[in-house]
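User: I am new to reading structures. Please take one part of this one and walk me through it closely.

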Amino acid sequence: MTSEEIVARILHRDALILVIDKPAGLPVHPGPKGGETLTDHLEALRFGLPRRPQVAHRLDRETSGCLALGRHAKALARLGELFKTGAAEKVYWAVVEGGPADEEGEIGLPLAPRSPDRGWWMRVDPAGQPALTRYRVLGRGGGVCALELRPVTGRTHQLRVHCQAMGFPIVGDPIYGSASRYTGPGLHLHARGLTLPYHPRKPPIAVTAPLPAHMRERIAACGVAGA
């Protein structure tokens, strides 16, 4: 991935905020194993400002879609507040194996790390942190289901663990689902929309990210219109 390709994925740009369509497979932050991350391309997103923008929230390596960045310290702090308080509205699309019996509902299952050595590896635990996800069926077909997921809380791997715990793991999930890490179809989880009420006296910033190529076939098989 080149910096030019990252710039081409900008969905919203103003003096304070950038929202990009993060590609699946690109980590946001450097990890212990090294390799390319979004951090390598932040210089190309300065656009004349004295400092590089900084990421305002988390998005898993294999999850694609809307990712917000603050272009200076005050904007980053304001975005952090919006995400921390739940004022930022996040909408995900996922394709899951099977699917829920109901057309919409809530998943309220507390989550905790499986291992102290790997804090990102989560499980349902009655003693864990409260976690709430709202879901709505977008379509069904071919043994899979397209879901709209709205995380009310923002726990690590919340959507992936909640779907797995309810019996409909996300297609392509090698950690909580049945997919192979190396030959799977790619995680079918996409940060479809992001709404940021940044300015109290102005309409919220609303951004939609196009579906990634690896999800389009199964989304279409579910009969989702306008995908």
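Analyst: Here is a close look at one helix, followed by some residues in loops.

This is a predicted model, in which local features need pLDDT of at least 70, side-chain atom pairs count only at pLDDT 80 or more, and totals for chains, interfaces and linings use all residues. Residues are numbered from 1 along each chain as its sequence is written, and side-chain values use heavy atoms, with hydrogens and water left out.

Start with helix α2, residues 73–85. Helices (H or I, at least four residues) and strands (E, at least two) are DSSP runs, numbered from the N terminus. Helix α2 has 13 residues, and at 1.5 Å a residue they should span 18 Å. That expected span is 1.5 Å times one less than the number of residues. The end C-alpha atoms are 18 Å apart, which agrees.

Now look at its two sides. Ala 75, Leu 79, Leu 82 and Phe 83 are buried. They cover an arc of only 95 degrees around the axis, so they sit on the same side of α2. The arc is that of the directions from the helix axis to the C-beta atoms. On the other side, Ala 73, Lys 74, Ala 77, Lys 84 and Thr 85 are exposed. Buried means under 20% relative accessible area, exposed over 50%, and partly exposed in between (1.4 Å probe, protein chains only).

What does the buried side meet? The buried residues of α2 pack against four strands: β2 (17–22), β4 (64–70), β5 (89–97) and β11 (189–196). Just after α2 comes Gly 86, with a positive phi of about 85 degrees.

Phe 83 leads on to His 57, as the two are in contact. Contact means heavy atoms within 4.5 Å. His 57 lies in the loop between β3 (54–55) and β4. With 12% relative accessibility, His 57 counts as buried. Leaving aside neighbours within four places in sequence, its other contacts are Cys 66, Leu 67, Ala 68 and Leu 194. The His 57 side chain also reaches the backbone nitrogen of Ala 68 at 2.9 Å.

Two further loop residues are worth a look. Phe 47 lies in the loop between β2 and β3. Its phi is positive, about 50 degrees, although Phe 47 is not a glycine. Phe 47 is partly exposed, at 28% relative accessible area. His 157 is in the loop between β10 (144–151) and α3. Its phi is also positive, near 55 degrees. His 157 counts as buried, at 11% relative accessibility.

Note on methods. A polar contact is a pair of N or O atoms within 3.5 Å; within protein, one must be able to donate a hydrogen and the other to accept it, and residues adjacent in sequence count only if both atoms are side-chain atoms.
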